[in-house]
Amino acid sequence: MQRRKFLSLGALTAVAVVLPTANAEDYRKTKPTVWTATKVDEAIVALYGTSKSIASGVTLDLPEVATNGASVPIHVSSELSAKSVAVFQDTNPEAAVAVFTIHENSIIDYKFNVKLRSDGTPITITAIVEGTDGKLYSDVKSLIVPMGTCDG
């Protein structure tokens, strides 16, 4: 009897884990022009239909000077109730970096690394959070990847 309870609880847990991920949007299929846009504003419009955003509610943390262009740490967080989070940059050939589908009660606290090409000029990173209210919220920061750094 204990084995049956264990197996049924395991099956319910597996279903509970799979269901939330089943609703994630594949932005590469549904909005392919986001991934070919070369300008940040073009990519934001391709994703959301507008590039107008409110400069609050989003925290973007990154180093002022990156020591390695091959692995630049980015941290995006927000307390907003959101539908999606997107990150863009203005130095690589394509502007879009990542887009995440946000589920109800999710915590927006993403840390990841990106590879950024630079000639020593400042790079602008833009984080956009699409709120459940339909508005876009943003934070914009700049960083420098000096010439001559490891892989930079």
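# Close-up views of a predicted model

**View 1. Helix α3 and the elements that cover its buried residues.** The buried residues of α3 are covered by elements that include α2 (27-30), β3, β4, β6 and β7. The model shown here and in the other views is predicted. Helix α3 spans residues 40-48, and its buried residues are Val 40, Ala 43, Ile 44, Leu 47 and Tyr 48. These residues lie on the same side of α3, because they cover an arc of only 105 degrees around the axis. In an α-helix, residues three or four places apart point the same way because there are 3.6 residues a turn. The helix α3 lies across β3, β4, β6 and β7, and runs at about 160 degrees to β3. Just after α3, Gly 49 adopts a positive phi of about 90 degrees.

**View 2. The open sheet of four strands.** The strands of this sheet follow the order β4-β3-β6-β7, with antiparallel pairing. Strands β4 and β7 are at the edges, each pairing on one side only. From one strand to the next, the twist averages 10 degrees. Strand β3 (residues 82-89) is mostly covered, with seven of its eight residues buried.

**View 3. Pairings of β3 with its two partner strands.** On β6 (residues 123-131), seven bridges join the strand to β3 in an antiparallel arrangement. Within this pairing, Gln 89 of β3 has Ile 125 of β6 as its bridge partner. The pairing of β3 with β4 (residues 96-101) is also antiparallel and extends over five bridges. Here Phe 88 stands opposite Ala 96 of β4. The connection from β3 to β4 is a hairpin of six residues.

**View 4. Strand β7 and the surroundings of Ser 138.** Strands β6 and β7 run antiparallel and are joined by eight bridges. In this pairing, Glu 130 is opposite Leu 136 of β7. Ser 138 belongs to β7, which comprises residues 136-143. With a relative accessible area of 8%, Ser 138 counts as buried, because the limit for that class is under 20%. The side chain of Ser 138 makes a polar contact of 2.8 Å with the side chain of Ser 53. Apart from its neighbours within four places in sequence, Ser 138 is in contact with Ser 53, Ile 54, Ala 55, Ser 56, Val 58, Ala 127 and Ile 128.

**View 5. The open sheet of three strands.** This sheet has the strand order β1-β2-β5, and its pairing is antiparallel. Strands β1 (59-61) and β5 occupy the edges with a single partner strand each, so one side of each has no neighbour in the sheet. Neighbouring strands are turned against each other by 15 degrees on average, with direction ignored. Three bridges make up the antiparallel pairing of β1 and β2, in which Thr 59 stands opposite Ser 77 of β2.

**View 6. The largest nonpolar core and a second core.** Nonpolar side chains tend to be buried together in soluble globular proteins. The largest nonpolar core holds 22 residues, and those touching the most other members are Leu 60, Val 72, Ile 74, Val 76, Leu 116, Ile 125 and Leu 143. Two or more residues of this core come from each of β2 (72-78), β3, β5 (108-114), β6 and β7. Strand β6 gives the most, with four residues. For Ile 74, the residues touched are Leu 60, Asp 61, Tyr 110, Lys 111, Phe 112, Asn 113, Val 114 and Ile 125, leaving out residues up to four places away in sequence. A second core, separate from the largest one, has 16 residues, among them Val 34, Ala 37, Leu 47 and Ala 96.

**View 7. Asn 105 in the loop between β4 and β5.** Asn 105 is located in the loop that lies between these two strands. Although Asn 105 is not a glycine, it has a positive phi of about 70 degrees. The relative accessible area of Asn 105 is 72%, so this residue is classed as exposed, a term that applies over 50%.

Note on methods:
Residues numbered from 1 in each chain as written. Predicted model: local features only at pLDDT ≥ 70, side-chain atom pairs only at ≥ 80, totals over all residues. Heavy atoms only, no water. Buried < 20%, exposed > 50% of the residue type's maximum accessible area, 1.4 Å probe, protein only. Polar contact = N/O pair within 3.5 Å; in protein donor to acceptor, adjacent residues only side chain to side chain. Contact = heavy atoms within 4.5 Å. Pairing = 2+ DSSP bridges. Core = buried A, V, L, I, M, F, W, Y, C linked by side-chain atoms within 4.5 Å. Axes fitted to C-alpha atoms, helices over the stretch in contact; angles between N-to-C directions. Arc of directions from axis to C-beta.
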